[in-house]
Amino acid sequence: MEINLLGVLPEALLIDLPEIDVQHEEIFRRIEQLKADCYGSGPVSFDEFDGLLDYLKHHFSTEESVAAEAGASFGEHAKIHRQNLRKLRKAFDEVRQGTRDVHSFLRYVEYWFERHINEEDKPFASSVRECRLKSPVAILPESGP
């Protein structure tokens, strides 16, 4: 798997699971793009916000798959994902209705995601790496000429 990090994800937020780090980078890239779009002139495209929330859902399912493949516990982490996705969708509905400022929504998403990586994803990544190390790997002899 080729890893293409553009530098939007701060190094301190890397969790050393390349498949997840790439998605974290994409989430921060999308947030930065939305901030840039919203601070410019013209109407806000709610489709891009929906795209961010859909991508978060995809990312959360990727983390769940990584955990399942490694045999790592994921129940509590999945619960946090579900709860927060509900909160983010509720907050975004408030943006649509005009009762929440789009900028405060983006600050909330960015803050939540940074905190989530530091407090939940880093321990999750350690658990996955530990499970992967314990997993028996079949070593096949090389076939000679």
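## Helix α4 and the packing of the helices

Helix α4, residues 102–134, has 33 residues and spans 45 Å from its first C-alpha to its last, close to the 48 Å expected at 1.5 Å a residue. At I117, α4 bends by about 40°. At the start of α4, a side-chain oxygen of D101 comes to within 2.9 Å of the backbone nitrogen of H103.

The model is predicted. The mean pLDDT of the protein chain is 87, with 86% of its residues at 70 or more. Among the elements of the chain, helix α1 (residues 18–39) has the lowest mean pLDDT, 92, and helix α2 (residues 46–70) has the highest, 95.

Two packed helices are described by the angle between their axes and the distance between the axes. The table gives both for three helix pairs.

| Pair | Angle | Axis distance |
|---|---|---|
| α1 and α4 | about 175° | 11 Å |
| α2 and α3 | about 175° | 11 Å |
| α2 and α4 | about 10° | 11 Å |

α1 and α4 pack at about 175°, which makes α1 roughly antiparallel to α4. The residues of α1 that meet α4 include I27, F28, I31 and L34. On the α4 side, L106, V109, F113 and I117 are among the residues in this contact. Thus I117 is the site of the bend in α4 and also part of the contact with α1.

α2 packs against helix α3, residues 75–97, at about 175°, and the two are therefore roughly antiparallel. This contact involves, among others, F49, L53, L56 and F60 of α2 and L85, L88, F92 and V95 of α3.

α2 and α4 pack at about 10°, and are therefore roughly parallel. Among the residues of α2 that meet α4 are L52, L56, H59, F60 and V66; those of α4 include F105, W112, H116, F124 and V128.

Several residues take part in two of these contacts. In α4, V102, L106, V109 and F113 meet α1 and also α2. In α2, F49, L53, L56, F60 and E63 meet α3 and also α4.

Notes
Residues numbered from 1 in each chain as written. Predicted model: local features only at pLDDT ≥ 70, side-chain atom pairs only at ≥ 80, totals over all residues. Heavy atoms only, no water. Helix = DSSP H or I, 4+ residues; strand = E, 2+ residues; numbered from the N terminus. Expected span 1.5 Å × (residues − 1). Bend = angle between axes of the 7 residues up to and from the residue. Polar contact = N/O pair within 3.5 Å; in protein donor to acceptor, adjacent residues only side chain to side chain. pLDDT = per-residue confidence, 0-100. Axes fitted to C-alpha atoms, helices over the stretch in contact; angles between N-to-C directions. Parallel < 35°, antiparallel > 145°, perpendicular 65-115°, else oblique. Contact = heavy atoms within 4.5 Å.
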